[in-house]
Amino acid sequence: MGTRASTRRLLYAAAAVAGLLLVGAVTLELVRTGWFSRLHDNGVDPTTRTFAVRLYNDSSVTITLKQCDPTCSTFHEELQLGPWGSTMANTSDENVDNYWLVVSNSGTRLGCLDLKYDHKAFGTVVKTSMAGACP
C-alpha cells in the first residue's frame with residue numbers, strides 16, 4: 001500500500017507542477033502579445049490620452065486606409081478593408097489632427113478622415129463614406 005500511495009502523491013505533485021507551468025506560459029504569452037496593455041487603451045487607465053475608434057468601410061468595395069501626416073504626403077500605417085469591414089484605430093483626446101486617407105482600389109483618393117477629439121469618445125464608429133477634404 002505504501003508504494004501506491006507514494007506513486008499517487010508523486011503523480012498529483014507532477015500534475016500540480018504541470019498546471020502551474022501552463023498558467024505561467026499562458027500569462028507570459030498574454031504579456032508578450034500586449035493583451036494586458038490593451039486594457040488601458042479601452043479606458044481602464046484614466047491617465048492615458050488615447051482611445052480606440054472603429055473605422056468602418058460602409059461601401060461594397062475594398063478600400064485602402066493610410067494614416068498620414070498633416071499634409072497626407074507621408075504615411076505611417078496602411079491597411080485594406082473589405083466591403084463592410086472594420087478595424088480599430090487609436091487616436092488622441094488632445095484635440096490633434098489624426099488623418100486617414102481613404103483610397104479606392106484603382107488608387108483614387110476618396111478623401112480623408114480626421115480622428116480629432118477633445119475628449120475620449122468610446123464606442124465611436126467612423127464610416128469611410130464620411131471622408132472629407134484632405135489637408
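Here are three short exercises on a predicted model, each with a worked solution.

**Exercise 1. The partners of β1**

Work out which strands pair with β1, and in which sense.

*Solution.* Start with β1 itself, which covers residues 50–56. Look next at β4, residues 86–92: this strand pairs with β1 in the antiparallel sense, over 7 bridges. To check this on residues, find Thr 50, whose bridge partner in β4 is Ser 92. Further along, Leu 55 stands opposite Thr 87 of β4. Now turn to β7, residues 125–127, which pairs with β1 in the parallel sense over 3 bridges. Here Tyr 56 is a good place to look, as its bridge partner in β7 is Lys 127.

**Exercise 2. The order of the sheet**

Put the strands of this open sheet in order and name its edge strands.

*Solution.* The sheet has 3 strands, and their order is β4-β1-β7. Its pairing is mixed, with β4 antiparallel to β1 and β7 parallel to β1. The edge strands are β4 and β7, because each of them pairs on one side only. Ignoring direction, neighbouring strands of the sheet are turned by 35 degrees against each other on average.

**Exercise 3. Placing Asn 105**

Find where Asn 105 lies, then decide whether Asn 105 is buried or exposed.

*Solution.* Locate β5 (99–103) and β6 (109–114) first; Asn 105 lies in the loop between them. Its relative accessibility is 57%. The cut-off for exposed is over 50%, so Asn 105 counts as exposed. To finish, compare sequence with space: Asn 105 and Thr 62 are 43 residues apart in sequence, while their C-alpha atoms are 6.5 Å apart.

Terms used:
Residues are numbered from 1 along each chain as its sequence is written. This is a predicted model: local features need pLDDT of at least 70, side-chain atom pairs count only at pLDDT 80 or more; totals for chains, interfaces and linings use all residues. Side-chain values use heavy atoms; hydrogens and water are left out. Two strands pair if DSSP finds at least two bridges between them. Helices (H or I, at least four residues) and strands (E, at least two) are DSSP runs, numbered from the N terminus. Buried means under 20% relative accessible area, exposed over 50%, partly exposed in between (1.4 Å probe, protein chains only). Axes are lines fitted to C-alpha atoms, for helices over the stretch in contact, and angles run from 0 to 180 degrees between N-to-C directions.
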